[in-house]
Amino acid sequence: MKLRWKFIIIAIILLLGFIYSVSTGQSSLSLQELWQTVLGNGTPRQELVLFQFRIPRMILGFLVGGALAIAGMLLQAISRNALADPGILGINAGAGLSMMLFLLLQNSSTGLHTYVQPLYALLGGFIVVALLFMLSYDRNQGIIPIRLIYTGIAVAAAISAFMIVLTFVLDPSQYQMIKVWLAGNIGNSNWSHVYAMLPWLLLIVPLLIRNHLILDVLRLNDPVVISLGVSLNKYRVWFLVCSVLLAAPAVAVSGSIGFVGLVVPHLVRRLFRGHKIMILACLLIGGGLVVIADALGKMVVANTEIPAGVIVALIGAPYFLYLLIKSE
């Protein structure tokens, strides 16, 4: 199938997912009501629901899913391992732990200011990356990809256990906030969350597209990469930093939505070749996956919203087991 038709099919699926997302919820909108509201002819309640709640929620889900998918693609490229993603390597857990600690130190149930949440999350993400670098670096070989994966799994498990311990010292209001956040919920999002997330994608994605050829080269064996004049360790660290700059802000505004960075890059590699196209495809498919998962979460159980992170996990967990079996 030609590249153009692949993107057309993806765009149609995304459009249907977006329409389904903004029209479903506790106050459903028919297609006619949705169209009239978009044109400015809806009731005040319909305009409030659509423009202040559902559209920013949909846009945030798209940005978060796209960021996590691209971060997963980067980690799989630099580690040459199909099991790499921000959740498995502990980046998501580090960002989450950082936010929990700041919430605890604030001793407040109001939470962190929306626009500084990504900065707190980045601090935790970079601490984890520094730890991964120290534990997976060899003086002669540089960063060892397989050691990076094993170290990441261990660090993620340790941080997750510590986060569980921290929940025992939170007051009830803080615990309720953290519980919802850890499940990967974008239901309480608004335009400020979108504005807090958007700059990171606008900053990182163009830089990655500019360096897409380096990502293509990193798929080769180390001696071949070095013979081509590419500074292997320099670019591994650079792309590792880029993955944190995408994943940590996404975790900050949406909570822990796992497996997007694991599943989407695999699907993209089956459909496309070359990282220039794959970056855009990860953005579209990853964003669409979270948007559709969020929409499904509103409809699975009557009068109850299941967080998007739970729906994505139901899809991603079996696929993760499949990859584990396949990699043996």
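Where is R80 found? Select this residue to begin, and you will see that R80 sits in the loop between α3 and α4 (91-106), where helices (H or I, at least four residues) and strands (E, at least two) are DSSP runs, numbered from the N terminus. Please keep in mind from the start that this is a predicted model, in which local features need pLDDT of at least 70 and side-chain atom pairs count only at pLDDT 80 or more, while totals for chains, interfaces and linings use all residues. Residues are numbered from 1 along each chain as its sequence is written, and side-chain values use heavy atoms, with hydrogens and water left out.

**Two loop residues**

R80 has a positive phi of about 50 degrees although it is not a glycine. With a relative accessibility of 33%, R80 counts as partly exposed; here buried means under 20% relative accessible area, exposed means over 50%, and partly exposed lies in between (1.4 Å probe, protein chains only). Next, select F259, which is found in the loop between α11 (232-254) and α12 (260-271). F259 also is not a glycine and has a positive phi, of about 75 degrees, and its relative accessible area of 22% makes it partly exposed.

**The whole protein**

Now zoom out to the full chain, where there are 14 helices and two strands. The C-alpha trace spans about 65 × 55 × 35 Å along its principal axes. For 328 residues a compact globule would have a radius of gyration near 20 Å, and the protein agrees with this at 20 Å; the radius is taken over C-alpha atoms, and the globule rule is 2.2 Å times the number of residues to the power 0.38. Buried residues make up 51% of the 328 residues. If you colour by surface, the accessible surface comes to about 15,500 Å², of which 68% belongs to carbon and sulfur atoms, as given by the Shrake-Rupley method with a 1.4 Å probe, with only the protein chains shown counting as cover for residues. Among contacts (heavy atoms within 4.5 Å) between residues at least 6 apart in sequence, 77% join residues at least 24 apart.

**The core and helix α3**

In soluble globular proteins, nonpolar side chains tend to be buried together. Select I70, L74, L208, F239 and L246, which are the residues with the most contacts inside the largest nonpolar core, a core of 94 residues. A nonpolar core is a set of buried Ala, Val, Leu, Ile, Met, Phe, Trp, Tyr and Cys residues joined through side-chain atoms within 4.5 Å. Helix α3 (residues 44-79) gives the most to this core, with 17 residues. Showing the surroundings of I70, and leaving aside its neighbours within four places in sequence, you will find I70 in contact with V205, L208, L246, I279, C282 and L283.

**Helix α8**

From I70, move to V205, which lies in helix α8 (residues 191-210) and is buried, with a relative accessible area of 10%. Beyond its neighbours within four places in sequence, V205 is in contact with I70 and I279. The C-alpha atoms of V205 and A67 are separated by 8.9 Å, although these residues are 138 residues apart along the chain. Then select the whole of α8, whose 20 residues reach 29 Å from first C-alpha to last, close to the 28 Å expected at 1.5 Å a residue, a span reckoned as 1.5 Å times one less than the number of residues. The buried residues of α8, among them W200, L201 and I204, pack against α3, α5, α9 (212-217), α11 and α13 (275-297).

**Helix α5**

Continue to α5 (residues 117-136), where Q117, P118, A121, L122, G124, G125, V128, V129, L132 and S136 are buried. These residues lie on the same side of α5 because they cover an arc of only 170 degrees around the axis, the arc being that of the directions from the helix axis to the C-beta atoms. Turn the helix around, and on the other side of α5 you will find I127 and M134 exposed.

**Two last stops**

Select S21 in helix α1 (residues 3-23), which is buried, with a relative accessible area of 2%. Not counting residues up to four places away in sequence, S21 touches R54, M58, V291, A295 and K298. Finish at I315 in helix α14 (residues 308-327), which counts as partly exposed at 44% relative accessibility. I315 and V260 are 55 residues apart in sequence and, from C-alpha to C-alpha, 9.4 Å apart in space.
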